[in-house]
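Trainee: Hey, I've just been handed this one and I don't know my way around it yet. Can you walk me through it?

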Amino acid sequence: MGLMRKYKPHIVSLSGGIASAVAADRVIGRYGDEVELWFADTSWEDDDLYRFLDDLEVRWDREITRYKDGRTPPQVFEEERVIGSNRFLSCTRKLKIRPFVKHLKQRLPCVIYLGLDWTESHRLEGPKRRYEDMGAGVDFPLLWEPRLMKRDYMELVKGWGIEIPMMYRRGFSHNNCGGSCFRQGAYAWKKLQQSDPDRFRWMMEWEEGMQKVVGNHTILNRGRSLRSLEADGRQLVFGGIDDEGCFCDW
Ligand code: SF4
């Protein structure tokens, strides 16, 4: 007979961002050794994200399960002959959600924890229903008391003696796909243009290359190309237009 599991796993999906790290820290504080950590690598991450995960492993004294499909989001969209955007999210489905679902089905019964907070209440219901339909419990540790504000995450992580991931230090509000998330808005693309012009240019040329194949669609809404954004010299002010959800938006 195989080894029987003595506990119900508490599984936290880490994104590499500070919110999910704080969420995981809360779950570990409550359930200790019964907590399992999962991260899906899109092969398109900022290098410093891996340093952050390494530091978290030291703090928590446990390994993070690191899954990697091997394809990047642009490669997924090339295969599908679609220009990714916040309307076409096969990158997150194929590189993160499907493998996570496969993993969690092997861990049932389990409870999964998502790093969404009270400002994202419109995002809670969808994933909660879907995971519960599979037989998993779902909880949101950032809704536990005391309630935290987004600005608290940064102070908490610093208080652990861990350096904030580079993407935040560059002014991004997320650590998703090295600042080239297909969901992000114009503000974040402009940040990328300023902080990593080579990567921005690569994405701009990728968008133009794909347009020759699939037609005149764009990553940004309203047909705005990265080329036109590059030429726009105005400073964009962050106004909540960026939609940076990934794994939790299912
Ligand atoms: S972070 Fe953005 S680009 Fe990366 S997998 Fe998620 S939705 Fe796709």
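Mentor: Sure. The domain assignment splits the protein chain into domain 1 (10–167) and domain 2 (178–231). Keep in mind that this is a predicted model.

Trainee: How far apart are the C-alpha centres of domain 1 and domain 2?

Mentor: They lie 25 Å apart. The domains do meet: 13 residues of domain 1 are in contact with 13 residues of domain 2. On the side of domain 1 that touches domain 2, the residues divide into 7 nonpolar, 3 polar and 3 charged.

Trainee: There's a ligand too. Why does it lie between the domains?

Mentor: Domain 1 and domain 2 both give residues to the shell around the ligand, so the ligand lies between them.

Trainee: Which residues are around the ligand?

Mentor: Going along the chain, you'll find T42, P73, L89, C91, T92, L95, N176, C177, C181, F182, R183 and C246. By class, that shell has 8 nonpolar, 3 polar and 1 charged residues.

Trainee: Which element gives the largest share of the shell?

Mentor: Helix α4 (residues 90–105), with 3 residues.

Trainee: C177 is in that list. Where does C177 sit?

Mentor: In the loop between α7 (166–169) and α8. C177 counts as buried because it has 26 C-beta neighbours inside 10 Å, and the cut-off for buried is 20 or more. Its backbone is worth a look too: C177 has a positive phi of about 45°, although it is not a glycine.

Trainee: Why point that out?

Mentor: Because most residues other than glycine have a negative phi.

Trainee: Where else is there a residue with a positive phi that is not a glycine?

Mentor: Look at R81, with a phi of about 55°. R81 is in the loop between α3 (73–80) and α4.

Trainee: Is R81 buried or exposed?

Mentor: Exposed, because R81 has 10 other C-beta atoms within 10 Å. Then there's D61, which follows α2 and has a positive phi near 55°.

Trainee: OK, α2 then. How well does its length fit a helix of 14 residues?

Mentor: Helix α2 (residues 47–60) should span 20 Å at 1.5 Å a residue, and its end C-alpha atoms are 21 Å apart, which agrees.

Trainee: Which residues of α2 are buried?

Mentor: L49, F52, L53 and L56. They cover an arc of only 100° around the axis, which puts them on the same side of α2. The other side of α2 has D47, D54 and V58, which are exposed.

Trainee: Why would residues spread along a helix end up on the same side?

Mentor: An α-helix has 3.6 residues a turn, so residues three or four places apart point the same way.

Trainee: And what do the buried residues of α2 pack against?

Mentor: α1 (18–31) and β2 (35–41).

Trainee: What about W44? Where is it?

Mentor: In the loop between β2 and α2. W44 counts as partly exposed because it has 19 C-beta neighbours inside 10 Å. Leaving out residues up to four places away in sequence, W44 touches T72, P73, C177, G178 and S180. So we're back at two residues from around the ligand, P73 and C177.

Trainee: Changing topic. Where's V12?

Mentor: In strand β1 (residues 10–14). V12 is buried, with 26 other C-beta atoms within 10 Å. Beyond four places away in sequence, V12 touches A23, A24, V27, V35, L37 and Y113.

Trainee: And helix α8, which of its residues are buried?

Mentor: In helix α8 (residues 186–195), those are A186, A188, W189, K190, K191 and L192. They pack against α9 (197–214) and α10 (226–231).

Trainee: Last thing: where do I find cis peptide bonds?

Mentor: One joins L108 and P109, with omega about -5°. P109 is in the loop between α4 and β4 (111–113). Another runs from E145 to P146, with omega near -5°. For P146, look in the loop between β5 (137–139) and α6 (150–159).

Trainee: And why should I care about cis?

Mentor: Because most peptide bonds are trans.

Trainee: Great, that gets me started. Thanks!

Methods:
Residues are numbered from 1 along each chain as its sequence is written. This is a predicted model: local features need pLDDT of at least 70, side-chain atom pairs count only at pLDDT 80 or more; totals for chains, interfaces and linings use all residues. A residue is near a molecule or strand if its C-beta atom, placed from the backbone, lies within 6 Å of it. Helices (H or I, at least four residues) and strands (E, at least two) are DSSP runs, numbered from the N terminus. Ala, Val, Leu, Ile, Met, Phe, Trp, Tyr, Cys and Pro count as nonpolar, Asp, Glu, Lys and Arg as charged, and the others, Gly among them, as polar. Domain bounds come from an automatic or database domain assignment. Two residues are in contact if their C-beta atoms, placed from the backbone, lie within 7 Å. The expected span of a helix is 1.5 Å times one less than its number of residues. A residue is buried if 20 or more other C-beta atoms lie within 10 Å of its own, exposed if 12 or fewer, and partly exposed in between; C-beta atoms are placed from the backbone. The arc is that of the directions from the helix axis to the C-beta atoms.
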